[in-house]
Amino acid sequence: MLSVGARRFSVLSDASVSAAPYCIGFAFRKGDVPAGTGLTTSAGAIQVTVRNTWPDGSARIAEIAGSLTLTAGVPLAVYLRPGSSASGVALNTADLKRTGVTAQIGCGTFGSVSWSGADWDSPFMQWTAGPVMSSWIYRKPVGSDAHLVAWLEVRLFSNGAVDVLPWIENGYIAVPAPANKSTTYAFSLNGSERFSRAIDLKHHQRTPLIAGSALSYWNVSDPALRFQHDAQYLMSTEMVPTYFAQMGGAAGAVSGLPTGYLPLQQGSFNYDSDNMASTGYQDPIGLLPQHDVLYLVGGSFDVYPAVVRNGYSAGRYAIHYRDEATNRPLRFSQHAHRVISDSQGFKDNGASVTGLRTPVATGGNPPGWDCAHSPSVGYMAYLITGRWYFMEEVLFAATANFLGNGSNDALRDGAKGLVQTATDAWQTRSCAWDWRSKIQALAVVPETDATLRNELTTCVINNVDHFHTRYVARPNNPYGWILPGETYNGTVSEIAIWQQDFVTAVFGWAISLDLPLDAPTKSKLGEFFQWKARSVTMRLGTRADWWYINADPYTIKTGTSLNIASFAAGTGPWPSSVNAVYRATFTPPPGWMGASEGLLAGEYDTGFWARAMWGNLQPAIAYAVRHGAADAIEGYERMLGASNWAAVAAGFNARPVWSVAPAPRSPSWAASVPLHRWIEVPGTSGAGGAAINAWGTLVHVPGTGLLVSPANGGHTDSSDNRVSSIDLLQDRPAWSVPIAASSAADVRSNVDYYADNKPVSRHGYHHAHFIAQRRRVMLFGAAAWYVNGGTGYAVDGHSVTNTWAWDAPGTWPRLAEGRGFGSAHDPVTGNVWTSAGWRWNQATNTWAQVARFPVAWRWPVSYDPARRRFFTLQFGDGQGFDLARGVVASIFDPDTGAQTPITFNPSAALSQFVADAPTYAALDYDPHHDRFLFYDGQGATAGRVYVITPREGTMWDMRILTLEGSGPGATPSAGINGRFRYVPALRGFVVLPQMSSNIFFFRTG
């Protein structure tokens, strides 16, 4: 699971460019940009055009335009910060004309169209208006052809640069005699031909007139910029799912992405034999297709152009049904009973109650569209580019699925647009992917597009009402099964449970999207999801119910006699218990069935599970956990605690499409906390009895609200080696003790382990970390162990899921005297560094000295995820000695081993810092503002937080953060150490000054 990340994007150019214009899309986390808030960047002013807002009025999806100066091959990180957005008179079509730009689209024997001079005065619509960039959509029918239309999306920048995306389209709903349009198509900009190619454009296809590496055409030198949005932040918005596949782990898949574009190419829609109906695992099938998921986990600038090209490739499918009356995607209310005709490239199209069909097409079909196996199209491309073209692509998919479904009340029910299953007519997976297309469309359609937005809103409400009425408002099965849309033996006694998982996941995503629905509908959606989630949570239970190790059968058996009518009516008869379903499903037991607690079982080897039912299950259980479904977290932790889970998880790195993890939730105590105000979290004192006052630390488990106190104590302060924990994402968080302390009879002095083989208590300082790759809290050395204050060098770890337990002594290689303690942790690799330059390589579980530090540092140390380096800051040696050294700061690059001293501009804050002479202090990174926060908390420094702002050079800034409210009391003389932590799920910092205190918190984002 990943942290929230930062509001930033990175840019790369292969050539050095000055003031290069750019425009991208950007999704914001709810509440991060309140209504009326301006934004600027670390690289200059920007224009922000908000397309959609969250229900609280904050920005959801926006288009960002500006200009950048880049050095060839050097990525530039651009941070979005509160400030004044670009202002001034919006660019208009007169400005566009003044550039002298001309455009022409030639369509061979069908004719040609062109734009110049006064043609620019009459756009089809204006998409963006602003002083940095304005954009318009233009269209012209080609010659006398009734179907062929040429389109342009034109962006004008304030420096006179013009960016043009040209495309041709052959798709109307009801115009008679649709046919293929085969000819040579050409595009010219300012009289220079940019494209010419023979294309056989089938019915209801469209394609940009692009060939090669270009993504659009410019009247100036193409800036050819490649972008990377902060994947962690983008996932935290929940506009996309959260993925747990390791960053960079999908390198092989990234290298297979398209590096160029040709009209109607297959791109990454790599279904077997280019057949969307192909059975088995296919890369494009999922909440997002794998080629879009790679933008979130691939860690490469090469993915951005590939996402755009695949967005263009979606035009090859016959899903572009444009209403000739409005020249927009269709309105459901205007086509209540129209259905796509047979043999028109839409698999399993239904019947029309009134017999109203789309006109029969000639000239061959495009590659077939099969809702049951269909991918998400246009959605990710729109989020990261902001292009109108891709927004409409999302709408076309939703409206094509509407037209392809039968119009009777067992299917879409006329204009209602229901996605319900119908046995042997609309499969369970069709329901899932149809619903995905509807919620994506509602999520992206701009608020200014009121007509289409209202149509989609009504459709979503209709579906929520339908599912709630059928499965929640009246009695139905208690197992979360919707009526299966597929049969395997002519009855409904078998259920393809993996298809049910698809439905569970997409309805969970619908809640996370916080769609513009009224309160009663949202309540019904939540109630239906809680019922639906049972279909996955019940399969991750104990041996007495459904043993979680066998959670992934292809089908389950109900063990009762059910027919379609009784299933739909909710009358059953239903199985008597979850265990009855389990026994029926595994009688007779398949050869792969597991029988060992803690060892997941499956039909294939673990390397294939990412492409099979264990993979299909992940999004369903992830959203069940995210939305607090009954028994979800317990089942999820059983799965993660399995001894072979690491091998299972590794399989998702190469095939990440199903690697969905729970996004963190916000607890009620933090729901309305304003920015930069101290609050006290009630009921959180005591630290679970842990002796944290003895230089103790806390470890945060990423992706959760879990804080862990591991064996804090040591010296003569305490022999108590308990592990205590608290989950701050709970509405009423409270401490627990998942690993009890050793008994008094087992306690020994001056040893690494007590008689029960549990690690000795020790001063935690900054030497404990959560190693995500190993899914455990690990302690790197026992500084000031019990009793005499000497030092031990054992490395220990314990699990944090399922049954918490310490690893056996010797599991991890020891440090040695003089090598320091593990005080710096790189979450990307899992590696841990000591102040003596020794590195623990988590992948190989070995120690090696790989660096020497000319600027000696001890702690605190914080990892900078934006720049992939460490920042260290202390006064003297950080422990009250060597004070003549004064302020000691440095940055360290773990990839190169280079260390660079950092100094600070003179300021009142710096003077105060010197006067404080902090000891045993804490430091962590604030991703919302690209800064570090430093905390001492002893004596008069209690509540004083220092802000360290990185700069391009080695001279940085320091100031004191202005915080409202009553802050925490002073820490003991042993200091705060690792008890000042940024918790991404809470978007802020937690402070535990001492054992007797409650936890304090302030938000930064």
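# Notebook: helix packing, charges and backbone

**Entry 1. Two helices.** I began with helix H10 (residues 497-512) and helix H15 (residues 613-626), whose axes come within 8 Å and cross at roughly 35°. The model I am reading is a predicted one. I noted the crossing of H10 and H15 as left-handed. I then listed the residues that meet. On the H10 side they are Trp498, Asp501, Phe502, Thr504, Ala505, Gly508, Trp509 and Ser512. On the H15 side they are Met613, Asn616, Leu617, Pro619, Ala620, Tyr623 and Arg626. Sorted by class, this contact has 9 nonpolar, 4 polar and 2 charged residues.

**Entry 2. A charged residue without a partner.** Next I looked up Arg470, which lies in helix H9 (residues 450-471). Which side chain of opposite charge is nearest to Arg470? I found Asp409, at 8.3 Å. Arg470 is buried, yet has no salt bridge. A salt bridge requires a side-chain nitrogen of Lys or Arg within 4 Å of a carboxyl oxygen of Asp or Glu, so Asp409 at 8.3 Å does not provide one. I also recorded the contacts of Arg470, leaving aside neighbours within four places in sequence: Gln420, Asn476, Leu483 and Ala568.

**Entry 3. Salt bridges.** How many salt bridges does the model hold? The count comes to 48. I examined several of them.

- Asp95 and Arg98 form a salt bridge, with their closest N and O atoms 2.4 Å apart. Both residues lie in helix H1 (residues 93-98), and they are 3 residues apart, about one turn of the helix. Asp95 is partly exposed, at a relative accessible area of 21%, whereas Arg98 is exposed, at 62%.
- Arg155 and Asp163 form a salt bridge whose closest N and O atoms are 4.0 Å apart. Arg155 counts as buried because its relative accessibility is 4%, and Asp163 counts as buried because its value is 2%.
- Asp926 and Arg931 meet through their side chains in a salt bridge of 2.7 Å, N to O. Are these two residues buried or exposed? Asp926 is buried, with a relative accessible area of 0%, and Arg931 is buried, with 4%.

I also noted a network of salt bridges, which links Glu169, Arg206, Arg322, Arg328, Glu392, Glu393 and Asp449.

**Entry 4. Cis peptide bonds.** I turned to the backbone and looked up two peptide bonds that precede a proline. Gly572 and Pro573 are joined by a cis peptide bond, with omega about 15°. I located Pro573 in the loop between helix H13 (564-569) and helix H14 (578-585). The peptide bond from Thr587 to Pro588 is also cis, and its omega is near 0°. Pro588 lies in the loop between H14 and H15. H15 is the helix from my opening entry, where its axis crosses that of H10.

**Entry 5. Positive phi.** Finally I looked up two residues other than glycine that have a positive phi. Ala19 has a phi near 50°. Where is Ala19 found? I placed Ala19 in strand S2 (residues 17-27). Ala19 is partly exposed, since its relative accessible area is 37%. Tyr920 has a phi of about 50°. Tyr920 is placed in the loop between helix H18 (908-916) and strand S41 (922-926). Buried means under 20% relative accessible area, so Tyr920, at 11%, is buried.

Note on methods. Residues numbered from 1 in each chain as written. Predicted model: local features only at pLDDT ≥ 70, side-chain atom pairs only at ≥ 80, totals over all residues. Heavy atoms only, no water. Axes fitted to C-alpha atoms, helices over the stretch in contact; angles between N-to-C directions. Helix = DSSP H or I, 4+ residues; strand = E, 2+ residues; numbered from the N terminus. Left-handed = near helix turned anticlockwise from the far one by under 90°. Contact = heavy atoms within 4.5 Å. Nonpolar A, V, L, I, M, F, W, Y, C, P; charged D, E, K, R; others polar. Buried < 20%, exposed > 50% of the residue type's maximum accessible area, 1.4 Å probe, protein only. Lys, Arg positive; Asp, Glu negative; His and termini not counted.
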